[in-house]
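Biologist: Could you walk me through this protein and explain the words you use along the way?

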Amino acid sequence: MVLTENKRLFMEKVSDKSGIISALAFDQRGALKKMMRQYQTEEPSVEQIERLKVIVSEELTQFASSILLDPEYGLPAAKSRHAESGLLLAYEKTGYDASTTSRLPDCLVEWSAKRLKEEGADAVKFLLYYDVDGDPYVNLQKQAYIERIGSECKAEDIPFFLEILSYDEKIEDNSSIGFARVKPRKVNEAMRVFSDERFGIDVLKVEVPVNMNFVEGFGNGEVAYTKEEAAQYFRDQEASTHLPYIYLSAGVSAQLFQDTLVFASESGAKFNGVLCGRATWAGSVKIFIEEGEEAARQWLRTVGSENIESLNRVLETSATSWKQK
């Protein structure tokens, strides 16, 4: 993998001195509104959403190599981040059309890679839902879409982070043991597809290849994989790409995510960091709404900072530098 000089400089901005990406993800929009609605009767306002993102950015980016935000609600938070923290901006619309199994991607119509770069982004992130075993014509459309974004990022000489969320067109519940059994193939084969040079991707943001709640010794109920089977799926993931890849937390608890990273490393996965969202800041949402800004800041300065600093300690011993790739 060869980076242009500009891309290398941008990559160094979003990673720490060791070449590990310890990024905070707060580009949630639809999911964040859903979380906020649990604690208030009225629809979350633009001001509320923007303010919460600012607070999290101000309090936690001093502990993160970079922050991922959305240009819809996150630009004030981008300006409020710690001086040493890099910036990734999301390019996709939130959510997908639930009335179809296609989950076709769509860009924010008033943005482009050029405009995101002009807004101060050090990297462009795009989220893609992908079923490697899905409708071939749907997948062809998705591949062409990613090629367009890759070409945009190449023209702007800015890193392209592709986030892949796997699913199965025939399985509704991604948290089920049924999906857990097919997840390793879904995740690892999608990574293989989008590692092709034609897509212009610099970093893959991916799920771990197993549902850790169904790994022997990790969950409390049914078992979908033994520890050795799970470890092999992590080794298969490592073999599926030559690109740097980072893990998303997928909304699991901070402790489970940290345990997962240790298990991944011990299994042979040479991942290059994380883009961790809800596992870090989710607990501040209820406090922000019910008790106010200062209480939320206090939570972020204590529990939130410990969540991210303990994650950083895990990364020091489990993650490897993207520069090796």
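Modeller: Here is a short talk about helices, buried residues and a pocket.
This is a predicted model, in which local features need pLDDT of at least 70, side-chain atom pairs count only at pLDDT 80 or more, and totals for chains, interfaces and linings use all residues. Residues are numbered from 1 along each chain as its sequence is written, and side-chain values use heavy atoms, with hydrogens and water left out.

Biologist: Why is E266 called exposed?

Modeller: We call a residue buried under 20% relative accessible area, exposed over 50%, and partly exposed in between (1.4 Å probe, protein chains only). E266 has 65% relative accessibility, so E266 counts as exposed. This residue is found in helix α9; helices are DSSP runs of H or I with at least four residues, strands are runs of E with at least two, and both are numbered from the N terminus.

Biologist: And what makes K114 partly exposed?

Modeller: Its relative accessible area is 43%, so K114 falls in the in-between class. K114 is found in helix α5 (residues 113-118).

Biologist: How do you know that the span of α8 is close to the expected one?

Modeller: The expected span is 1.5 Å times one less than the number of residues. Helix α8 (residues 227-239) has 13 residues, for which 18 Å is expected, and α8 reaches 19 Å from its first C-alpha to its last.

Biologist: What makes the buried residues of α8 line one face?

Modeller: Those buried residues are A230, A231, F234, Q237 and E238. Seen down the axis, they fall within an arc of 110° (taken from the directions from the helix axis to the C-beta atoms), so they line one face of α8. The face turned away from that buried side carries the exposed residues E228 and A239. With contact meaning heavy atoms within 4.5 Å, the buried residues of α8 pack against α7 (177-194), β6 (203-206), β7 (245-248) and α9 (254-267).

Biologist: How do you know that the buried residues of α2 are on the same side?

Modeller: In helix α2 (residues 30-37), L32, M35 and M36 are buried. They cover an arc of only 95° around the axis, which puts them on the same side of α2. Their packing partners are β1 (21-26), α3 (46-60), α10 (278-281) and α11 (283-291).

Biologist: Which helix gives the largest share of the lining of the second largest pocket?

Modeller: Helix α6 (residues 136-156) does, with 4 residues.
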